[in-house]
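Q: Got a model to go through. Can we start with what holds the middle together?
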Amino acid sequence: APSDACAETYEAHPDCKGKVHVANFGVDSELFHPAEKSPEDFRLVYSGGNIIRKGLWYLVKAWNELKLQDGLLTLLSTDQYSTSWRTASHGWVPDEQVPIYLRNSSVFCLPSLEEGQALVCLEAMASGLPVIVTHETGAPIEDGKEGLIVPSRDISKLKEAIEYFHKNPGEIKRMGANARAKAEQMTWSKFGERVVEICEEVASR
C-alpha cells in the first residue's frame, strides 16, 4: 500500500490483517522546489479533480465563509469550478505548469475523503508549502510539523486550519521548510528500494 491510511483500509479486513506492507510514493524534488521569494499575500492552492472524493466542496464552502480580504484561493484542474469569493479557477493545467503554481502559493490544501496516497501532497511539500490535509490523503506528515491534519467533511476545522496559517505567516515558513525537508527524503529511488525490500521479505517466508 502507498500509505498508512491506505493500509488501514486493508488491515480492517480479517484476511489482510498483518499482511499489508507500506511503500510510500516518491517525488521529484528538483522539478518541484520552493520559490526564491514567498508571495506577499496569502495564497491557498488546491490541485485535483472536481470529484466528490477529493473534498473540494468542503474547501470551497470553508473559503467562502472565511471571506479573507487579502487571500486568494487557486484551483487547478477543476473544470472551471464556480465560487463566490476571491478564487482563481484555472481548469485543466498542463503538468509542466503545476510546479509554477505551487511554488507561487503560500499553503496547499487537499481535504480528500479517500485516496491511496495523493502525489500532489508530496509535490506541494517539495515546493516548500505546508499542507492542510485529511488523514485520508495519505500525506506523510506529522500534525503541526509539516502541516495540519483536519477531519474529513469538517468545514469548521478546515476554516480553523486556513485561518491559522493566514494569521501566522511565521508558521507557513516553519512548516514549509519542514515539508521541503521531508519531501527531499522521499525519492522515487527510495520507493523502488522499499518495494524490492518487501518482495524479498515476502519471498523469503
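Q: How many residues are in the largest nonpolar core?
A: The largest nonpolar core has 51 residues. Such a core is a set of buried Ala, Val, Leu, Ile, Met, Phe, Trp, Tyr and Cys residues joined through side-chain atoms within 4.5 Å. Buried means under 20% relative accessible area (1.4 Å probe, protein chains only). Those with the most contacts inside the core include Phe42, Leu44, Leu59 and Phe108.

Q: Which helix gives the most to this core?
A: Helix 2, with seven residues. Helices are DSSP runs (H or I, at least four residues) and strands are E runs of at least two, numbered from the N terminus.

Q: Predicted model, right? What are the ground rules?
A: This is a predicted model: local features need pLDDT of at least 70, side-chain atom pairs count only at pLDDT 80 or more, and totals for chains, interfaces and linings use all residues. Residues are numbered from 1 along each chain as its sequence is written, and side-chain values use heavy atoms, with hydrogens and water left out.

Q: Back to helix 2. Why is it largely enclosed?
A: Eight of its eleven residues (56–66) are buried, so the rest of the structure largely encloses helix 2. Tyr58, Trp63 and Asn64 are among them.

Q: What do those buried residues pack against?
A: Strands 1 (42–47), 2 (71–76), 3 (87–89) and 4 (107–110), plus helix 5 (155–167). Contact means heavy atoms within 4.5 Å.

Q: New topic: Thr134. Buried or exposed?
A: Thr134 is buried, at 2% relative accessible area. Thr134 sits in the loop between strand 5 (131–133) and strand 6 (147–149).

Q: What lies 2.6 Å from a polar atom of its side chain?
A: The backbone oxygen of Ser112.

Methods. Buried means under 20% relative accessible area, exposed over 50%, partly exposed in between (1.4 Å probe, protein chains only). A polar contact is a pair of N or O atoms within 3.5 Å; within protein, one must be able to donate a hydrogen and the other to accept it, and residues adjacent in sequence count only if both atoms are side-chain atoms.
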